[in-house]
Amino acid sequence: MTTAGARLRDSWERRIERAEQLAAQDEATRPLLVFYGKLLGLQRDTYDTLRTAQLSGSLERDLDVVRPRASAILSAVSTIGPALLADQIQEIASAGDPAIDRLLLEWWRTLAANQFFPKVILQPYAQRLAELSQRPVDRELYTNEYRCPFCAGPPQLSILQGGGELEGGGRALLCATCFTTWPFRRVRCASCGEEDEHRLAYFHSPALDHLRVDACETCRGYVKTIDLTRLGIAVPLVDEVAGAPLDVWARERGYEKIELNLVGL
Ligand SMILES: [Zn+2]
Ligand SMILES: [Zn+2]
């Protein structure tokens, strides 16, 4: 019998395998995928630690479990990551545990966009809370249709999965913090809610057939969409990273991503 925990553990494994697979396929994005694969390995180890722990949903109370993993991730990233990150780690590490706690708690309460360390460390924590239906209790959860219904996080990406008759017409957003998905209308900006199709643009490259950029002329925001009806074996989080050329393309045209991924794109 497969327990839910084992299945979800598999999903970290699937992400790691997919990163290896995609790294082997494309030389240009290989360094990003190799780095991301290593981050996923650290996150899987964190998830495994948390899976056997008693979590309260209050990060402040759960810090004793999370902090050792934060230290492990920081020291691992200082050897596998770019020099810029190593400098930041040096700064955090020299300030000791209180600085790590502060970094984690501040981000957890605000989910401020585009923060690297707290996001790497707390994604497995947030995923575990979501599996346990243990809602975060020590912060305000302002949710609306653009934010995750579980943790109020912004979307990392959008997914098309067929089933046009479903709510959202087969489109869903995936939370950048806890990986919960929620239905979202197909023709709608995931940042400002624009629904005028003349203000919404889709960009697609033949080299990345199952990926596209969904951009909005009203707010100039964008999100990448992974079309699982075109490539069912895709793993959205990882394939999104492999679509780095589309981020470069969008940025050159002045669009701003709703939430950067862990490789900073
Ligand atoms: Zn979430
Ligand atoms: Zn918009």
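The legends below describe an overall view and several close-up views of a predicted model.

**Figure 1. Overall fold of the protein, with eight helices and seven strands.** The C-alpha trace spans about 50 × 45 × 40 Å along its principal axes. A compact globule of 265 residues would have a radius of gyration near 18 Å, and the value for the protein, 18 Å, agrees with this. Of the 265 residues, 53% count as buried. Among contacts with a separation of 6 or more, 59% are made by residues 24 or more positions apart.

**Figure 2. Surface and charged side chains of the protein.** About 12200 Å² of the protein is exposed, and 50% of this area comes from carbon and sulfur atoms. There are 31 positive and 36 negative side chains. The centres of these two sets lie 2 Å apart.

**Figure 3. Close-up of the cysteines C189 and C192.** C189 has a relative accessible area of 6% and is therefore buried, the cut-off being under 20%. C192 has a relative accessibility of 33%, so this residue counts as partly exposed. The structure holds zero disulfides.

**Figure 4. Close-up of Q134 and the residues it touches.** Q134 lies in the loop between α6 (116-131) and β1 (155-160). Leaving aside residues up to four places away in sequence, Q134 touches L55, S56, G57, L129 and F150. The C-alpha atom of Q134 is separated by 9.4 Å from that of S58, a residue 76 positions away along the chain. Q134 counts as partly exposed because its relative accessibility is 27%, a value in between the limits of 20% for buried and 50% for exposed.

**Figure 5. Close-up of S133, a residue with positive phi in the loop between α6 and β1.** Most residues other than glycine have a negative phi. In S133, phi is near 50 degrees. S133 counts as exposed because its relative accessibility is 59%, and the cut-off for that class is over 50%.

**Figure 6. Close-up of N114, a residue other than glycine with positive phi.** The phi value of N114 is near 60 degrees. N114 is placed in the loop between α5 (97-110) and α6. With a relative accessibility of 37%, N114 counts as partly exposed.

Notes:
Residues numbered from 1 in each chain as written. Chains lettered and ligands numbered in written order. Predicted model: local features only at pLDDT ≥ 70, side-chain atom pairs only at ≥ 80, totals over all residues. Heavy atoms only, no water. Disulfide = S-S within 2.5 Å. Buried < 20%, exposed > 50% of the residue type's maximum accessible area, 1.4 Å probe, protein only. Helix = DSSP H or I, 4+ residues; strand = E, 2+ residues; numbered from the N terminus. Rg over C-alpha atoms; globule rule 2.2 N^0.38 Å. Contact = heavy atoms within 4.5 Å. Areas by Shrake-Rupley, 256 points an atom, 1.4 Å probe, with all protein chains shown as cover. Lys, Arg positive; Asp, Glu negative; His and termini not counted. Charge placed at Lys NZ, Arg CZ, Asp CG, Glu CD.
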